[in-house]
Amino acid sequence: RLHKTELYHTLETYLTLDENLNKASDTLHIHMNTLLYRLKRIGEITNVDLKSPHQKIMIYLDFKMNRLFKQERL
């Protein structure tokens, strides 16, 4: 948010679409190379291994819980 990047939204979309690069890049309206760069950047910034199923599941659940709690506040 500080640097106005779309990294959070990129990762959420990528995981929600079952890590399908084509669907994610189409949904985000970006080139697949841009998506790959963003995913690499996310891994560097967060020290999260996006190849680890356990880490991806935990992040995915965090996204879903975050959305659920935001809806409850409204």
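Trainee: How many aromatic pairs does the count come to in this protein?

Mentor: The count comes to 1 aromatic pair. Keep in mind that this is a predicted model. The partners are Tyr 8 and Phe 63.

Trainee: What makes Tyr 8 and Phe 63 an aromatic pair, and what kind of pair is it?

Mentor: Let's take it in two steps. A pair of aromatic rings is described by the distance of the centres and the angle of the planes. Rings pair if their centres lie within 6.5 Å, and Tyr 8 and Phe 63 are 4.8 Å apart centre to centre. Planes over 60 degrees apart count as edge-to-face. The planes of Tyr 8 and Phe 63 stand at 85°, so this pair is edge-to-face.

Trainee: Which parts does the pair tie together?

Mentor: Tyr 8 lies in helix H1 (residues 7-16) and Phe 63 in helix H4 (residues 53-73), so the pair ties together parts that are 55 residues apart in sequence.

Trainee: Why is Phe 63 called buried or exposed, and how does Tyr 8 count?

Mentor: Buried means under 20% relative accessible area. Phe 63 has 6%, so Phe 63 is buried. Tyr 8 has 45% relative accessibility. Exposed would need over 50%, and partly exposed is in between, so Tyr 8 counts as partly exposed.

Trainee: What makes H1 mostly covered?

Mentor: In H1, 7 of the 10 residues are buried. Among them are Leu 11, Tyr 14 and Leu 15. These three also appear among the residues that touch the most other members of the largest nonpolar core, alongside Leu 35 and Leu 39. That core has 13 residues, and H1 gives the most to it, with 4 residues.

Trainee: Why is H1 called roughly perpendicular to H3?

Mentor: H1 and H3 pack at an angle of about 110°. Angles from 65 to 115 degrees count as roughly perpendicular, so that is the name for H1 and H3. Their axes are 10 Å apart.

Trainee: Which residues of H1 and H3 meet?

Mentor: From H1, Leu 7, Thr 10, Leu 11 and Tyr 14 meet Leu 35, Arg 38, Leu 39, Arg 41, Ile 42 and Ile 45 in H3. Leu 39 touches Leu 11, Tyr 14, Leu 21 and Leu 50, not counting residues up to four places away in sequence.

Trainee: Which elements have the lowest and the highest mean pLDDT?

Mentor: H4 has the lowest mean pLDDT, 89, and helix H2 (residues 21-28) the highest, 98. For the protein, the mean pLDDT is 91.

Notes: Residues numbered from 1 in each chain as written. Predicted model: local features only at pLDDT ≥ 70, side-chain atom pairs only at ≥ 80, totals over all residues. Heavy atoms only, no water. Phe/Tyr/Trp six-rings, centres within 6.5 Å; stacked < 30°, edge-to-face > 60°. Helix = DSSP H or I, 4+ residues; strand = E, 2+ residues; numbered from the N terminus. Buried < 20%, exposed > 50% of the residue type's maximum accessible area, 1.4 Å probe, protein only. pLDDT = per-residue confidence, 0-100. Core = buried A, V, L, I, M, F, W, Y, C linked by side-chain atoms within 4.5 Å. Contact = heavy atoms within 4.5 Å. Axes fitted to C-alpha atoms, helices over the stretch in contact; angles between N-to-C directions. Parallel < 35°, antiparallel > 145°, perpendicular 65-115°, else oblique.
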